Structures are given as structure tokens and as C-alpha cells.
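Take a walk through this assembly, from its enclosed spaces out to the contacts between its chains. Keep the model open as you read.

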Amino acid sequence: MAKEKSVLRDLLDDVMGLADSYAVTLKHLFRKPITEQYPDFKRLLPARSRGRIILTRDPEGEERCVACYLCSAVCPTDCISIEGAERKDGRRYPLWFRINFARCIYCGMCEEACPTLAIQLTPDFEFSKYGVLDFLYEKEDLLVDHQGKNADYDYYRHAGVSVEGDKGEHINEKPPVDVKSNLP
Amino acid sequence: MLSEELKQKLRTMIADAESPREKAVDVMLEIQERHLWMSDEAMEEASDLLGMSPLELDELATFYDFIYRSPVGNYVIHVCDSAMCWLEGHQRVMDYISIRANVPIGGTSPDGLFTLLPVCCIGYCDRAPAMVINRRVYGKLTPEKIDRILDKLAGENEFHPPE
Amino acid sequence: MWWILGLVLLIMKLIIVISVLFGFAAYMVLVERKLLGRFQIRYGPNRVGPFGLLQPLADGIKLIIKEDFVPRTADRLVFLTAPAVVAAVPLVITAVIPFSDDLTIGGTRIPMVITDLNIGMLFVLALASLAVYGIALGGWASNSKYSLLGAIRGSAQLISYELSMGLSLVPVVMLAGSFSLVDIVNAQERLPFILVQPVSFVIFLISAMAESNRIPFDLPESENELIGGFHTEYSGMRFGLFFVGEYVSMIVLGALTAVFFLGGWRGPILPSLFWFLLKTMLIPLFFIWTRATLPRLRYDQLMHLGWKFLLPVALVNIVVTGGVMLFMGW
Amino acid sequence: MPRLVIDDLEIEVPKGTKVIDAAERLGIMIPRFCYHEALGAVGACRMCAVKFIQGPFKGIQMSCMIDAQDGMIVSTTDQEAVDFRKRVIEWLMINHPHDCPVCDEGGQCLLQDETVSSGHARRRYPGKKRTYRNQYLGPFIAHEMNRCIHCYRCSRYYQEFSGYRDLGPLQIGNRLYFGRFKEGRLESPYSGNLVDICPTGVYTDIPARYKVRRWDLQRSPSVCIHCALGCNTIGNAHYRAVMRVEARMNPYVNGYFLCDEGRFGFSYTNGGADHAQRPWTSKIGGADVTVEAALAESSSKLSEIAAVYGPEAIVALGSARNSLETQSMLSRLCRRKGWLGPVWFTDTAVYRKVRSAVERLDSGIAVSMREIEFADFVIIAGADLLNEAPMAAIAVRQASRKNAQIVVIDPRPISLPFEFRHVPAVPGQIERCLGSLVKGSISKEELKGLDSAAKGFCKALPAKFGDKESGISIPELADQLMASRRPVIVCGTGIVSESTPALAADCAQLLRESGKKAGLFYILPGASSFSSALLSGPDAKGFAEILSEIEQGSIKALIAAESDPFRDFPDRERLDKALSQLDLLVAIDYLPTETVKRASVFLPSSTVFEMNSTFVNPEGRVQHAERVHAGGVPIWGAHPPRIVRNFIPGGDHQPAWEILWKISAETSVLESVLTLGELIAAEMPAFEATGKAQYPVNQARIIPEKSEGSFVKPKTRPEQGQKPKGFNLLLTDRIFASREPSVYADTLEGVFPEPALFMHSEDAAAAGLSDGDTVSVGLEPGSIEVKLSVSERMARGVLILPRQKGIEWQRMKDFSAWIALERIRKI
């Protein structure tokens, strides 16, 4: 008898479980939808959300990118191609910088790898086009006139190589060693 | 730049040596006797005499403290800064000379008389604090003693200014 | 000349029924999407027309103008005809469903059923099992492993649940004493059978859900295992026909439930057609609610439920019903 | 042979092996900065610390400073050692700048690797970083002293290994500075090795500067074709351009290093900075056509000419930069089709010299460059190593560092990075000088022990060579030679007389028979001279004969396979006229030569970087160069286009042997032979003798056990008779500026030596000329103007004219000339 009872209880439990779930969904039916009406209402995305990629400039208005190839090396879809070049004053820059957004998966690894904070992902996610070739963004398309998320960082103030100016003028550097010094 | 007479003297000096290279430091010290310090031109001429490349000579010159590759005054004051002298007041001595003779540490006084440099141990620990001026050692320095020494040197400035 | 009038009436009834059914099916899609949205605390389609009311139109246009793609290795003829089978079968079932009280125009009683077969229920059961041919053929003809698996599952599922469905209707027939659907409705004049036969009703409801391949019984088309199952390879309006079939069949099952258990078009005060439609719509709405609530069964659970639970219960129910009828001398 | 255990693995190593090397043999790479196998240990960086658990030493020790000994148990992974190395890295990183992104070494930096692998990621030291000012070190090497970790590798390499004295350590302690006395171009023509040797980014490679990272490069083992030595390289390509060339370790050839010409002279393959110099497309009569059209045109014209005038009306030219594959194909085609040639050398005399040299090499006597390093007496006869075979000079320097005596017998003002005794003998006297030196070294007892042929040869050698002017006593040198155990004769094939290579071989043989382990090394004129000498028969026609046949009209077509007679042949005027008489001039080349410009049909061929090829070096070592990249017009240096194409622009080139095969329209050529290896073996029996007919063959030597020729009777006295009056004008090679690929490499433009005519100072004084004068030298038919450079360290009575860019030596009538004094005028 006990066994039979438990079968019935099991059945009851099952039915109650079902009823519970039906109750939950029914309750939801009368809740106000939480959907945002996207094209009519656009939420402000956090600055760190990962959308279209830009190349920023340093506070002095120079290109931040030094064409170190780390972004292209780390890119899991190989969508970044660069060629470095050198300015007369020794500062390095990308001769060309191409991102194939048709391949980009917006993973943000390039941004993480970038030692100069040049390459940054923006919250701009509305990014669709009719032609695949239109997704090929060159440096001119990527370069912006602001510092992006990091307003103050200037890589060349920290690097050991000097462009313009003299050695030893960077942050946390001693003046250059004078080889002919008489000091011991 | 070097006078012919000096060059001749150096040549004989070098000729004595088994290999010219061993006289390199002596040659430079000899030039310093006359010119106070080793300018680039002096280095080049000396290296020619020694049959070394200027760089090889410069390796030696920049290695040794008593060969000066930058202009110095007539009297180069080397104040010992090793442990004993330092305990006995090396810094006080430096500061005092610096103020007394109006010479910055590592630099030369405006009258071109004194150059003040630190030096590592000169072996006069028993008479610390000590200093060397043109190969003469002075120990147990006190302000009065320094005054006397400097006044004497300034008075008997027989050195010619560098040619 | 009566036969001409009869023919005209028949054709009119056919046209009305088919168009109403299609309209309902189309809007059932919208209703489902809307309701599912609300069940999931979102809006559902609201872009096309006011409140998204023109969405079925947009869907229709989209489906029609999409490329009708036939896989190179498919069995072309079967592939092309299978969706039609799926869409046609539920339509045929409507022929025997009485959807209102008889209408009297100028003294002539017009029966509000296309044809009142005396073996109506058998007809319904026969046709209901025919629908799986569309699925089986479509899946097989696609020549794709996913489609084939879906088709096989569909057949197996249908066979399992057809049985309990039929058995669950036996008490109804016993109570009504007739296979004619009109008679069954009339038999519920006093009491709808749902009150008399709740167990039958539950079994019928579950089987109906399984018959129409609705969640939680949508194993033949389970998207995440079979990429759509039997209709993986279909596109355009042919794919749309599978959909139409599914929704029409949902409505038809609703209508059948109404007829078998809810007293058909019977109801107080309001016109009988209204009652019929109301009752008909209850079942699809419940199906949608279920879809929002329950997850898909595992295949073995599905089989277990059909064979080891519903079938015995239905059999016991028949025996009990028979016994009660015998003792009470119904 | 000590046995020791390193990280639980047991190994037995030769006595004197350092622990760090023993570990490397086990595949355990102990971190190091200052230690380098070629430079030895100084224990400066403290990075190679390991823990010695048992044995004569205990505790943390530097593995580069300790010889492996029996019973040692060493752990490289002991926590104490790991922590020690981690701290060393932290110290080294205290002053290392934060500039990896703008450092060219990034990605191939030992310091970077070791820092990452040690786990040092956070700088704990709050103080400031030391900085230095940089120096300009010339067009090849960029200097960034901030990155220095004071390992001394550069100065040890530069001063000790390569023997130049203008780069070294200045200052002391924390201010240590590696640089020059005054900034300026590095004097060493081996300066590129600083890039390889520096464990971090102090010295970086300017031609490759910042164009690419290591991980993006296509890399393959390759072989240098700039001179004959066949140094092993690694070709690095990116975006269809060769970006840099690195040295590839080969202990028998170039060791770890490479000369600057080989390292930086690669840009000919890219067509220069604008990629426009190299001819990328096929041409018919100067107009661009498809390869198929050019192939069809040349092949139909050739068969036409063969049908009308006979196959002898077609002549094929090869050159010293042909791969062995091309040479074999050329040789086979000529034989099969009945064409004339192939003609490898424009100078027949050079051909005869190279041939006699190659004939005399056998495995008993031929030495590799590695073996030169272990010689204790080196005689360099008629070779200017620095200019003709730069890496050989480095090999001799290593011998010199081990106190070997070096004697150079050469008329040129030789300068070499080591101490040597220079006998400035004119070409005719080199043999006598060499002969008397060798004769003087054979003691009477040794002479008795010789067999009759050797004895006769030894007796016939000139007894005395009086050169009082040189101030060098030959008998004194001969005594030293007598005392030596492993003498090596390095013999040139350029300015020497035709019999000298054979004499050098005989001398080496004689020394060998007198009980020494004597060796012989020839300096040959080009990358494939060895194989061309092996491939050509003894009766091969010279280019001058071919030219007269063209003038007579019996030759109608000429196929120049990577050959430029306009560059190699002296009499430009005659050549010009003769070649314009041809019906067909097919040029197959990758350089923009004069011949290519005049060709009626031009077909682009692949460079060594763009194909698999084989070269044989002067010691008979077969070396295989793998394809680095597919080639084509580089997209590097300009913005790449956004179009989609299904072909490679400039990708029409194919290996020269393939082109030859295709234009020959000779299906039977490859009928009996199936593979390239079989083709080569069929043409060159020596190749098959390696027992490795399987292609590609790498590092096998194809010289016989025993050569056939032996002990030619030497000329005892200089040729008498009518010796022309005046100066003997000699054409010589000069580093960076003479050899064919280098001339077209714009990366070398900054270092091309200034064109100069060399003359003995007394001769110049007699002619009233002084150093730096611009002189006009009256040649037949034209005259050249060139700056005069006088030297005391050369032979009298000779003029040395480098065959270099900027000197139009092709105005001469022949490969050497006699110039009367009055025809040298100052202007």
C-alpha cells in the first residue's frame, strides 16, 4: 500500500510541478515587457562595449599607433594588416593600416594587445553594409581626432627611444650618460 | 694640437716599451701634465703615436678616473668617498670645498682654478677624511686645514692656463 | 433544382471554411509570436502595421518571394508534393466538423457542417494519421540526414500517440452512441463530456499536442538537434506550407476538442458560432501557453509517456467507463 | 670524456665542454646573454646560473664558466637557480626601456623571451632609468644604447672575433657605453653580425628596420650567392619582398656569421626600393608580353634558326650565378640540341684557372673554412680575401687569433682584420714566392723521405725569392712554415697566372707528403664557378672565340641564361657591334642588365629566394637553398590595392632551368631523366658519386678521394723575353661594388667604395702623381677618368683597377693591359 501511495504522490508532485510552471508563465504574461524598442530608443552603451574599431591620437594630436604589429599578431581572425614606416624624426607610424571588418569578430584582443592605446573599440555597433569591400577600412577611415578612452596617455613620453627632444626627457628617466664625464 | 716637442718626448717614451700599448696610460698622463685634460684631438694624436685606434685609447681613458675627458681646472680636488672617509665626513668636506672655492661638485670653479670630484678609496683610511690634489694627498681634513690648502694653492698658482 | 442549391451551399461553405481557416492560421502565427513575447516579457512582432497586425502579410510575401530551393540530390517530385500533403490533410478534416447550430433560412434548415458523416470520428482519426505522410515523405525526399531523422521521429511519434488518441475517444463514442460528430455535439446537450470524462480529455489533449508536433513534442523538427528536422531543406513557400499545415492542424484539433469534449457550438445566450469559435481557440491558446512553459521531452521520455502511461490509462478509462455505464444503465 | 647528469638526463661530452653546451646537446636551453658559442664565455650576465647538486662544484654556479666534469649532477630547474635567474632579469630590466613596440628586435629578442619566461612582469624598482645618447653607425646598423644590458657580446664579436677596432666599451660600471670614438660608419664589413649577436635591440638592421616583425616572415634556409663561398643564410620574406637575410649556422662554412655584402645585398630581388628596377614581365623586342608568348616566340625562332643555319648557329651562355639545376639543364640542352657552349666564363683565362683548381681538389687536401680556422700557418697567394671572399678573411682571422702566421703574397694593397706578412709580389712572381717559401720549409730529412715525383717537384721549385723591398725574409717565414703542423694554402684564381692554382695544389701536396696536415682552399670567382668548371669540357670555347664567330656570321642566336656579357666582357665596343648582328638574343635573367635591355626576347627568371636551387662552394660542398617565397612585385612600401586578382603581379618568373627546358621545345630532354637530381647526376658524374642522387642534396662534398693531376713541373724563372714596358693594369673585385647581384642592390648604395685606381706611392711619385689626384688612363680604345689612390703596401709596376660600379673598365680591350707611364695623365 505504501508503495502505491508513493506512486500517487509522485503523480501529484508531477502535476503540481506542471501547474507551477504554467503559473509562472501565466504570471509573466501580465508583466510589462522589458524590451527596449531599439531604433526608436537607443540606449547609451558603456564606453568599454566593443564595437567598431578606431585609431586614436595622443594628447599632442599625433597618431598613437607605432605599427608594432601586436594587434595583427594577436587577431584571431587575421583581419588587421599593417606596414610600419618611420618618420624623419624617428617616430614610427603605420604607412597603411587596414582592418577587414567583414572578418572582425569584435573580440577586443587588439585593444588589449595595443601597447600605445592606439587601437580602441567604440560602442558603435550599428555597422552593416551592402558590399563586402566596403568593410575594408583603411587608416584614413580608422583614424580619429581624439584620444578615445584614455585622454592622457602618450606612449612616447614613456618609451626609451626619443623622437624630437633629447634622451632622458621621458617620464622616469635620468639625463643621458655623458661618456666623457670626469665623475667616477 | 700637441706640440712637436711633446710628441717627440712621447715617441721616445713609447719606443722604450716592448709594445706601444703598455704606455697608453703614461702617454695620456704626460699629455695631461701639459694640457690638463684629454681633448678629442689629443686622443686622436696620442692614439696615432701609440698605434691604437682612438676608440681603444678612449676605452682606457674613460675607464680611469684620473684621466680627464672633459675640461678641468688647474687643481683637481678628488675627495675620497669610500666608507671610512664617508663616515668621517666626506659630504661635509665636499660641501665645504664647494662653497669655499665656489665650485660645483663635478664641475670647475669660474676662475678655472679648481675642479671638485669624488674619488673612490685612495688608501688613506687612517687619515680620513682625505683628498688628493694633483697627486698630493691631504688627510684629516678640517675646515681650517682646507682653507689653508686652498689658499696656498690659489696663491702659488704656477700653472698656466691650458694652451 | 435542390441539388444545385445544395452544391452552391456546399461550395460556399467550403470557401468560407477554408478562408476562415487560413486567416485564422495566419493570425495564429502572429498570436503565437505575440503571446510568446509576452510570456517572455517582451513585445513580440510590432513593426509591421499597428501592433504588428500586418506581420502575417509580410511573412506571407516574404515566403512567397523567397527562392524555392530544391537540393540537387532530392527526390524532386516527392520533395515538391510533401508540403502540400501536410497542408491539405487538416483541411479535409474540417469537412466533418459541425461549427454551429443548424441555420434556418426561409424555412430551410442548413446544417452548419460541410458533411455530416455517420462515421465522422473514424474519418477524423484516419485523416489525422495521414498528415504524417507529408512529414515522412518530405524528410525522406530531402535526402538529408537531419530531415530523415526528423521524418522517422515524426512517424514513430504519430504511431505512438495516434493509439492513445483513438482510445481516449472511445468513451466519448460510448457516451454519445454515435460516430457522427453532430451526434456527439448533440449528446452533450446537458453536460459537456469534459466533466464526464476528464481523463479522456487530458489524454486527448496530450495526444493532440503530440499529433501536431508542438512543443514539448516537437522532436521531428527540434532545431537544436536536427536543424529543423524534416523541413531542414525546405525554403520559401514550401516551407511556409509546413507551417500552414501545422497551424491549421492546431485549429482543427481545437475544433475537434470543442466538439468532443466542450459541447461543440453549444452555449448560453450568445450565438452558437461564437461559442464554437471561442472553444476552438482555447486549445491553440493552451498549446501556445504550453510552448512558453515546457521544455522539449527527450525521445525516450516521449515514448515512455505514450506507451507506458497514456495507453494503459486510456484502456483502464474505457473499462471503467464501460463498467460505470453498465452499472448505471446508461 | 666526462659524464654528467643534467636535469636527470645523462650525457657524455668531450673534455673542455662547458656545462651550458652540454645542456644544449641534451636539448636544454639554459638562458644566457653574454655566452655565445663563437665568442666563448665571460660570465658577465649571470643569467646562465644553474644549481650544481653533486660534483666538484656545489650550489649556484654559472654554467658557461664551468667545464663539464665527471660526476656532476646539475639542475637547471632547481627553485634556487630559477629564482636567481629571475632576479638577474629583474636587475637587467631596471634600466631597460619600455620600448618593445618601437624596437625592431621585438619578437626576436632574447631579453624579451627570457623576461617573459622568467615571469618578471612588474617593475618593483621605483628609481629612474639610465639613458644614453645614440650614435650614427652607418647605413646598416641602428644604435639604441638605452636597451643595452652590458653583456659585451658586441665588443667581443667586433674586436676579438672580427678584428675591427672602432667599436668598443667606453666608461665604467653603470655608465658603460658601447659605441665609437666619434659617430660614423662602422669600418667593419662584417658589422651586420652585431644585429644577430646582440641579445636585445641595441643594434638593429636598418634595411629591415620596422618593416616587419619576425612572426610575419616567411623564412627558409638559403645560400648566399654574392661570392663563391656559399655562406648559409636564412631568407626572410614578407609581402612578396625579401626583407632581410640572416646568417644560418653552418660550422663548416660560415659559422654563425655573414658579411655585410651577403647580409644586406639582397634588395636586387625586390627590384630596389620602388620595385621597378627588376624586370618582372617577359618582353619581345622591348614590349611587354605574356610568358607563353615569349616562350613560344623564342622557341619557334630557335628552331627556325636551327633549321636554316644548323644548331651550331645557336650559342648558350651561363654565368657564375646560375644554380646547379640551370647549369645542368644548359649543359644537357647544348649536348642534345647541338648548340654551342655552354660558355660559363667570359674570361677564358679565369676559366682555365678555375678548371685547374677544381681538378686538383681532393678530399685529402681540400679544407673547409672551419678547418682554416684551425690552421697554424696560412699562405694566401694571389687572393684579396676581404674583397673577393669576405667570410674567408674571418676564418683566417680565427687562425690568426690562435697565433697562426699569415703570409699574403699579392700585389694589391691588401688590408685584412688581423696581422699578416705581406709580400707585394707582382702576379708573375707569386708562384716563385710561394714556391721558394714551400721549398724552404722542407728540411733535408723530409726531402729524403719523399717519393721521386715529389722530390723532383721540390727540387724544381725556385730556391730564392729576393724581395728586399718588402722587408720580409722568406727563409724566416719558411722556417716557421717548417715548424707548423697544419698549414693551409689559400689560392686565388683572379689575378694569378694560369699555372698558379695547380702550383698551389702541388705545394700543398708536397707539404702533405712531408708529414704535415696541409690544406688547400681556392678562392673562386662566383657562386657556381666550381660546378661550371666541372660541367665544361677541357676544350670549351672561350667567349672571345664565340664573339668572333658572331662577327663572321656563323652564330645567329645567343641564349644568355642569367649572364651579362656587357658586364663581364671588357671590349664593350666590339661586343656592342657583334651582338647587334644576331638574329635572336634571348635573355633569361632577374637583374636589369644591359643584355636584358637589348634582348630580342626576355624571360624573367627566379632569384635564389624564389626557387629551390643548389650551389657548390669552393671546397666542393653541395648546398641546397630552399624557396623562401613565391615572389612577385612586392606590395610592401606602398599602399596595397583593394582589388581582387587571381594572379600574382610580377609572378611570371620561373627558374631559369625551367625556362630553358621550355624554350628548347625538347621533350626528350627530360625523357630519360625524371627528376632534377637525376638530371644533375647525369650531367655531373661527381654529383652521383656523393651516393645521394636523391634530390635535394645538401652538405655533401663532391670532390674525389684522390685527384688525378699531380706535381706539374714548376716554372723556375720568370718569363723572360719582351716584357712590355709600363704598368700592368689588373682588374680586381671589390667588396660591395663588384659582384653582379650586389651592384643592383640599392641597400648597398650607401657603402659602395669610392672608385679608385691604386698605384704604388713610389711609382706615383715617379709619374708626378699624388694621392687623391684625378687621373685619366689612356686605354685602348677609350680612356677612363678615376681618382688615384697611392699605397706603399703594394707591388710596384702594377695598377689596380677595381671592376666596380662607377668605373667603366669595359673600355679595355682585354682583361689585363700594359699601360705606358705617359698614358696616365693628371687632370
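Which helix gives the most to the lining of the largest cavity? It is α10(C), with eight residues. A word of caution comes before the rest: this is a predicted model.

Stay with that cavity. Its volume is about 350 Å³. The lining is made up of 26 residues, and those closest to the centre are C:Ala131, C:Glu211, C:Ser212, C:Asn213 and C:Ser249. Several helices of chain C take part. α3 (76-93), α4 (120-141), α5 (145-176), α8 (198-211) and α10 (236-261) each supply at least two lining residues. Sorted by class, the lining holds 16 nonpolar, seven polar and three charged residues. The cavity has company: the count comes to 10 cavities of 30 Å³ or more.

Now turn to an open space. The second largest pocket has a volume of about 1100 Å³. This pocket draws on two chains. α1 (2-29) of chain A supplies at least two lining residues, and so does each of α8, α11 (272-293) and α12 (299-328) of chain C. Which of these elements provides the largest share of the lining? That is α8(C), with seven residues. The helix α8 of chain C thus appears in both linings, that of the largest cavity and that of the second largest pocket. Around the centre of the pocket, the nearest of its 26 lining residues are A:Val15, A:Leu18, C:Ile206, C:Leu305 and C:Phe309. By class, the pocket lining has 22 nonpolar, three polar and one charged residues.

The loops of chain C deserve a look next. C:Asp218 and C:Arg296 form a salt bridge, with N and O 2.7 Å apart. C:Asp218 sits in the loop between α8 and α9 (223-226), and C:Arg296 in the loop between α11 and α12, so the pair ties together parts of chain C that are 78 residues apart in sequence. Over all chains, the whole structure has 83 salt bridges.

Move on to the interfaces. Four pairs of chains are in contact, and chains A and D share the most contacts. In that pair, 42 residues of chain D meet 42 residues of chain A. How much area do chain D and chain A bury between them? The value is about 3500 Å², and carbon and sulfur atoms give 51% of it. Charged pairs cross this interface too. Five salt bridges are found between chain D and chain A. One of them joins A:Glu86 to D:Arg209, with the closest N and O atoms 3.1 Å apart.

Chain D also meets chain B. Here 13 residues come from chain D and 15 residues from chain B. The buried area is about 1100 Å², with 57% of it on carbon and sulfur atoms. Which residues of chain D lose the most area to chain B? They are D:Arg165, D:Leu170 and D:Phe181, which together account for 58% of what the chain D side buries. Two salt bridges are counted between chain D and chain B. In one of these, B:Glu44 pairs with D:Lys182, the closest N and O atoms being 3.2 Å apart.

Some chains stay apart. Chain C and chain D have no contact, and their closest C-alpha atoms lie 29 Å apart. Chain B and chain C do not touch either; 76 Å separates their nearest C-alpha atoms.

Look at chain D by itself. Its domain assignment gives domain 1 (3-92), domain 2 (283-351 + 530-621 + 643-690), domain 3 (359-524) and domain 4 (727-826). Domain 2 is thus listed in three segments. Taken over C-alpha atoms, the centres of domain 1 and domain 2 of chain D are 55 Å apart.

Finish with two details of the backbone. In chain B, the peptide bond from B:Ala128 to B:Pro129 is cis, with omega near -10 degrees. B:Pro129 belongs to the loop between β2 (114-119) and β3 (131-133). In chain A, A:Tyr69 has a positive phi, near 70 degrees, though the residue is not glycine. A:Tyr69 lies in the loop between β1 (53-55) and α2 (70-74).

How values were computed
Residues numbered from 1 in each chain as written. Chains lettered and ligands numbered in written order. Predicted model: local features only at pLDDT ≥ 70, side-chain atom pairs only at ≥ 80, totals over all residues. Heavy atoms only, no water. Domains from an automatic or database assignment. 1 Å grid on protein atoms, 1.4 Å probe; cavity = no way out; pocket = protein on both sides within 12 Å on 5 of 7 lines; lining within 4 Å. Points joined across faces, edges and corners; volume = space filled by probe spheres on them. Helix = DSSP H or I, 4+ residues; strand = E, 2+ residues; numbered from the N terminus. Nonpolar A, V, L, I, M, F, W, Y, C, P; charged D, E, K, R; others polar. Contact = heavy atoms within 4.5 Å. Buried area = accessible area lost by both parts, 1.4 Å probe. Salt bridge = Lys/Arg side-chain N within 4 Å of Asp/Glu carboxyl O.
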